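Please open the model in your viewer and keep the selection panel at hand. The tour proceeds from one selection to the next.

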Amino acid sequence: MKTYFALFFIATLASLAITPIIRRFCERYDLLDVPTDDRRLHLKAIPRLGGVAIFLSCLIALSMLPFVDNLLTQSLREHKPELFLAFVPATLVLLLGVYDDLRGTNAIVKFLVLGLIASLFYLLGGRIDALSIPFLGSVQLPAAVSFMVTVLWLVGITNAFNLIDGLDGLASGAALFSSLVILAISISQGRPLLIVVALVLCGALAGFLRYNFNPASIFLGDSGALFIGFTLAALSVVGTQKATTAVAIVIPILAFGFPMVDTAITMGRRLIGGRPLFQGDSEHIHHMLLSRGWSQRQVALILYGVCAAFGLLAMMFTTTGSKVTGFLMFVVSVAVIIAVGHLRYHEVDELKAGVKRTVADRRVRVANNIRVRRAARALSNANDLHELFEAVRVMLEFGEFNVAKAQLGKAGHAETIERAFKASGQRHPKQQLEPGRLATSPRGMLEFRKGRVYWSWVREGFEREEANLRSSWCFRLPLMKDRVEWGWLNLYRRFESGPLLVDVNYLGDLFRRELIGAAARIFKETPVETAEDVAESRAGQARWDAS
């Protein structure tokens, strides 16, 4: 036990001493993270090789072991290959991160190199040979599948810690909690090598947090984020290689719960939004919390609490059975989904709206689309203007629009249009209000003015005043055929109304096409007025003027 405490204190003190040295070195040689885009939260250049300080602190603490001779160090001699397995690839990852911090490299190259280092880890003996899945038990993996799962796990967890390294102290704090989980599980399983490595890593991270917490005077950089991510992922693989319980797959997932959730959300958002997967953005979980007005310290402390909650759950799973594990994982997943839903991601809101459109509004949407189809069929059979606009009115009764206005006619054909209007009045004499005006419904009006036919309709319970129209948006259907303009149809809907539950493609294509065809047919087929018709029309106009 004394050796354990000594290793922790050596790592912590080494980190406290080495980190300022690395910081001054970076400042002297201008190895700084300069805020050049909106994603970075710091306002001045900050040293960025914190990973080197953590690596050296771990190395110093572990280098003390050969000078101690007790039961612990004797048992560790049997596990030298496993120590070599974890730290050689991790050192290569550190060098990759240092190169990225100093020279910069693109995401694809970084992933390829990480994949090669993960392959080396597999060749050295670190592999996921089986998955112990709740309800299914242990599933032995073929060699090819084992290789892909191992590489994917190592690269994924490494990148997860790199992605959350956008807030002072967040990645190092999350790594500290993950290290504590691995430490606790290793103690319960009696794994001395894992205990030693996790304890040393905890000490190095605790010392580094002294300088990395807000306001940070040094950053992890890619060297630190990649190193601690790969080291923790490697430890989780080594720690579960001999596990046979159903929790063998659950504990590592919960140990890295927050980084994994943030990475899953990030990848999902970019896929849904059609953006490149490896293009950075400012919509990680910590960014969304900052947008609510919280300070960096508040966000870091809240997310530390989330990491601690995941860690406690991971340790609880060591004493549960397979069925209980599966149920608890379901509960945790639901809780995560609910929490993510409150972060106001545009992609999540759009998915919710899509589900609502697909499930809740599907029946109404289908009924409205059918009504548009029926209106199109009625337009194809319309013989006059009254029947034409009656078909439009019947369609509008589905309640999606409040006001409709239309104009029909084309330049130079005033007489033809007037004949069509009068013919409609003769076929429907009961709808005649006065010369030049027809009622198409209790809420509709058809008029002939200045060589054009005008129609208006107002839904019951809605007023026609212009003030109401100014609080509405307009869906305009231009009516053109063979490059000849026949008029337009405007449909108005209030801004505060809910989602439009009709397919606008039906309105803009099928319905519009039949409306244009009906208007062209009616104006073309209207018979020429006789002299008696003209005389009667003028007499009626005179009687109206006299009254």
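Which residues does R270 touch, not counting residues up to four places away in sequence? Select R270 together with R275, P276, L277, F278, Q279, G280, D281 and H284, which are its partners on that basis; contact means heavy atoms within 4.5 Å. R270 is placed in helix α11 (residues 257-272). Helices (H or I, at least four residues) and strands (E, at least two) are DSSP runs, numbered from the N terminus. R270 is buried, with a relative accessible area of 3%; buried means under 20% relative accessible area, exposed over 50%, and partly exposed in between (1.4 Å probe, protein chains only).

This is a predicted model, in which local features need pLDDT of at least 70 and side-chain atom pairs count only at pLDDT 80 or more, while totals for chains, interfaces and linings use all residues. Residues are numbered from 1 along each chain as its sequence is written, and side-chain values use heavy atoms, with hydrogens and water left out.

**The whole chain**

Next, display the entire chain, which contains 21 helices and 11 strands. Of its 547 residues, 49% are buried.

**The cores**

Now select I54, V196 and I285. These residues have the most contacts inside the largest nonpolar core, which has 102 residues. Helix α8 (residues 192-212) supplies the largest share of this core, 15 residues. Such a core is a set of buried Ala, Val, Leu, Ile, Met, Phe, Trp, Tyr and Cys residues joined through side-chain atoms within 4.5 Å. Centre the view on I285: leaving aside neighbours within four places in sequence, I285 is in contact with F258, V261, D262, I265, L303, L343 and Y345. Then move to L379, V392, F421 and L515, which are among the members of a second, separate core of 41 residues.

**Helix α5**

Select residues 107-123, which form helix α5. Its buried residues are K110, L114, G115, I117, A118, S119, F121 and Y122. Add α4 (80-102), α6 (143-163) and α9 (221-240) to the display, since these are included in what covers the buried residues of α5.

**A helix with an exposed face to inspect**Finally, select F9 in helix α1 (residues 2-28). F9 is partly exposed, with a relative accessible area of 48%. Add M1, F5, L13 and L16: with F9, these residues form a nonpolar patch on the surface, with about 560 Å² of accessible area together. Patches are made of residues with over 30% relative accessible area and no salt bridge (a side-chain nitrogen of Lys or Arg within 4 Å of a carboxyl oxygen of Asp or Glu); like charges are joined within 9 Å, nonpolar side chains (Val, Leu, Ile, Met, Phe, Trp, Tyr) within 5 Å. Accessible areas come from the Shrake-Rupley method with a 1.4 Å probe, and for residues only the protein chains shown count as cover.

How values were computed:
Expected span 1.5 Å × (residues − 1).
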